[in-house]
Every structure is written in structure tokens, then in C-alpha cells.
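Here is a short tour of the fold, for anyone who likes to keep the model open while reading. We will go through the sheets, then the helix beside them, then the ligand site and the cavity.

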Amino acid sequence: MRCFGPVPSRRLGRSLGINNIPPKICSYACVYCQQGFSSHMQAKRQGFYDPEELFQEAKERATLAQSRGEHIDYLTIVPDGEPTLDINLGKLIKRLQSLNIKVAVISNASLMGSDEVIQEMAQADLVSVKVDAVKEPVWRRVNHPLKELDLEKIKEGLLRFSRLFKGKLITETMLIKDINEKADELEAAAAFISRLSPAVAYLSIPTRPPALKWVDCPREADINQAYQIFKDHLPRVEYLIGFEGSDFSFSGDIEGDILGTCSVHPMREDALRELLGRAGRDWELVERMLAENKIVELDFAGQSFYMRKLYEGYRRS
Ligand code: SF4
């Protein structure tokens with residue numbers, strides 16, 4: 001199926017997905033890829049599907065959803081591979097925009113060294129780029145890029161893109177235990193990402209079975225440390241750790257509010273106490289949630305933080 005949804009997404013609201021390339025053709029073979037190993041790796045762009053046919057399919061699906069009263073926030077180009085490999089990407093974005101719904105592209109950023117790709121991506125309304133590592137050895141270990149790809153060229157391209165792009169730019173950094181979760185790597189990644197001025201820098205972890213069996217999720221304490229390092233460099237940092245959560249405003253369901261907020265970022269003790277105070281509840285609720293393993297307490301830089309407990313199955317050790 002080349003079009004799917006609309007499906008709810010925390011980053012994109014209600015998103016109608018569009019697959020613009022056949023499954024698993026990618027320039028990377030990330031160790032955590034949920035699609036399994038890349039069936040075909042390439043960094044050269046080519047035509048895959050007729051953009052007009054894809055547009056008609058997306059239009060039919062969007063019209064059907066809207067006729068049922070379903071709202072669509074984004075038409076999202078998000079194939080099981082790398083969307084910028086499609087030489088018709090620019091044409092497709094333009095055609096989709098004629099439906100008067102915003103267009104998003106979720107990319108691994110590996111072709112951002114190309115001016116042609118930068119110009120095409122700049123037409124979108126929202127672009128999400130992957131920045132898992134900014135140092136060559138770590139990048140090669142986590143993303144397994146094709147040999148001909150050049151990290152410095154990609155980083156320069158991303159900086160050029162961020163200066164040109166008028167839409168909403170977000171970044172995503174996947175944290176992998178023992179690969180890119182170390183403080184020096186995260187410092188470097190956060191410093192680079194801050195130069196892109198993203199609307200939000202997301203930190204994610206593998207939440208579904210990855211391509212390689214040894215790939216593991218960092219511990220909560222390391223995920224918290226990653227957040228604190230990113231927060232020192234970036235105004236808005238959020239987790240994508242498998243919980244979609246609520247809209248994180250005070251809704252009256254205090255336990256749901258705490259879980260929702262702790263899914264997006266760790267909460268400092270004083271902020272948590274303030275939230276409890278507004279709801280007329282005391283610390284006993286937090287102690288119960290800790291005892292029930294819904295949240296965990298973490299120490300960082302002399303302060304206590306609270307984070308949602310990860311699913312047991314996320315981690316192997
Ligand atoms: S860039 Fe995406 S599709 Fe390609 S290997 Fe990495 S996770 Fe999989």
C-alpha cells in the first residue's frame with residue numbers, strides 16, 4: 001500500500017502517510033532499523049513511481065478520510081527507506097500541496113549534501129532529519145552509511161538547508177546503548193543540532209525489534225543525561241520513547257498528566273510538586289506511582305528527576 005492512515009502522531013498530529021519508494025531502499029542500514037536490513041542500498045537518486053499516480057492515490061485517501069470527518073494535519077512522505085532517493089520528490093511535494101494540506105518529509109538527511117535535494121526539501125512545510133551522530137566512527141557504527149557518503153558534506157548541507165528552509169524543521173536522534181549515548185558524543189551532536197535551530201529536537205530509543213539483535217536501549221539514567229545535555233544547547237527537547245501521551249496540559253486526571261509529561265521529558269522534583277499542588281494532591285501519589293513502576297526516580301547534577309518507566313521488553317540487560 002503506497003498511502004496509509006491518517007494515523008495519530010505526536011510530532012505530526014494526524015498524518016496521512018505516503019510511500020514514495022519501494023520498501024527498504026535506503027542509503028543507510030541503521031543498526032536499529034525496524035524494517036530489517038536494507039534490501040537495496042543506494043545513494044543515487046532515481047524515479048520509482050509516477051508522482052502523478054501517487055498524488056491521485058493520496059488525494060483519494062485524503063478525500064475519503066475528510067468525507068468521514070477525519071482531520072488531516074500533514075500529508076507525510078515517509079517510506080520504508082529514504083524518500084530523497086526519489087528523483088520526483090520535488091514534483092510530488094508540489095502536487096500534494098495543491099490539496100491545501102501541509103506536506104511533511106521524514107528523511108535520514110544523507111543526501112543533504114546535494115543542492116538539488118536541499119531545494120526540493122525546502123518546498124515542504126515540515127522536514128524531519130535524522131542526526132544520530134556527528135563524529136565519523138560513531139556515524140558509521142550506528143547508521144552503516146554507504147561508503148561514498150561523506151558526513152562533513154551532509155553536515156554542511158544541513159546547515160545550508162536550515163538557513164534556507166522557511167517551514168518547520170525538527171531533528172531526531174536515536175539513542176543506542178554503548179554506541180552514541182556517551183556524553184562527549186551527545187555534547188557534539190547537541191552543539192551541531194543547535195546550529196540548525198530546530199523547532200524541536202527529539203530524542204528517541206528503539207521501541208520495536210531492531211535489525212540487529214545486539215542493539216539495545218539505553219538505561220533511563222542515560223536517557224535522562226542525554227536530555228540534560230541536549231537541553232543545555234537547545235530550547236526545546238522532547239522524548240519519543242513509545243508513549244504518545246496526551247496534550248500535556250492540565251486535564252484534571254493528575255496521574256495521566258504526570259505520565260504524559262514524563263513521557264515527553266523528565267520532570268524535576270519542584271515542577272512535579274507544583275503540578276501536584278495545582279491538582280490538590282500530595283507526594284503520596286508519586287510514591288505510589290514509583291512503587292507501581294509507572295515512573296522512575298533519577299539523580300542528575302544533584303537534582304531528582306522523574307521519568308516514565310520504559311516497557312520491560314525494551315531492554316535486554
Ligand atoms: S534511514 Fe531509516 S529506513 Fe534507512 S536504514 Fe535507517 S532507519 Fe532504516
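Two strands count as paired if DSSP finds at least two bridges between them. With that in mind, let us look at this predicted model.

**The eight-stranded sheet**

Pairing here is mixed, in an open sheet of 8 strands with the order β1-β2-β5-β6-β7-β8-β9-β10. Its edge strands are β1 (3-9) and β10 (237-240), each of which pairs on one side only. From one strand to the next, the twist averages 25°. For a look inside the sheet, take β5 (residues 74-77) and β6 (residues 102-107): these strands run parallel and are joined by 4 bridges. One pair to find on screen is Y74 with its bridge partner K102 in β6.

**The three-stranded sheet**

An open sheet of 3 strands follows the order β11-β13-β12, and its pairing is antiparallel. The edge strands, pairing on one side only, are β11 (267-268) and β12 (295-300). Between β11 and β13 (residues 303-308) there are 2 bridges in the antiparallel sense. M267 has Y306 in β13 as its bridge partner.

**A helix that touches both sheets**

Which strands does α7 touch? In the sheet of 3 strands, helix α7 (residues 220-233) packs against β12 and β13. In the sheet of 8 strands, α7 touches β8 (168-174), β9 (200-204) and β10. The table gives its direction relative to one strand of each sheet.

| Helix | Strand | Angle between directions |
|---|---|---|
| α7 | β12 | about 55° |
| α7 | β10 | about 155° |

**Around the ligand**

Which residues surround the ligand? They are K24, C26, Y28, A29, C30, Y32, C33, G81, N108 and K130. By class, this shell divides into 6 nonpolar, 2 polar and 2 charged residues.

**The cavity**

How many cavities of 30 Å³ or more does the structure hold? There is 1, and the volume of the largest cavity is about 80 Å³. Its lining is made of 15 residues, with K130, V131, A133, L151 and I154 lying nearest the centre. K130 is thus a residue to click on twice, as it is also listed around the ligand. The cavity lining divides into 10 nonpolar, 2 polar and 3 charged residues. Helices α4 (136-143) and α5 (151-164) each supply at least two lining residues, and α5 gives the most, with 4 residues.

Terms used. Residues numbered from 1 in each chain as written. Predicted model: local features only at pLDDT ≥ 70, side-chain atom pairs only at ≥ 80, totals over all residues. Heavy atoms only, no water. Contact = heavy atoms within 4.5 Å. Axes fitted to C-alpha atoms, helices over the stretch in contact; angles between N-to-C directions. Near = heavy atom within 4 Å. Nonpolar A, V, L, I, M, F, W, Y, C, P; charged D, E, K, R; others polar. 1 Å grid on protein atoms, 1.4 Å probe; cavity = no way out; pocket = protein on both sides within 12 Å on 5 of 7 lines; lining within 4 Å. Points joined across faces, edges and corners; volume = space filled by probe spheres on them.
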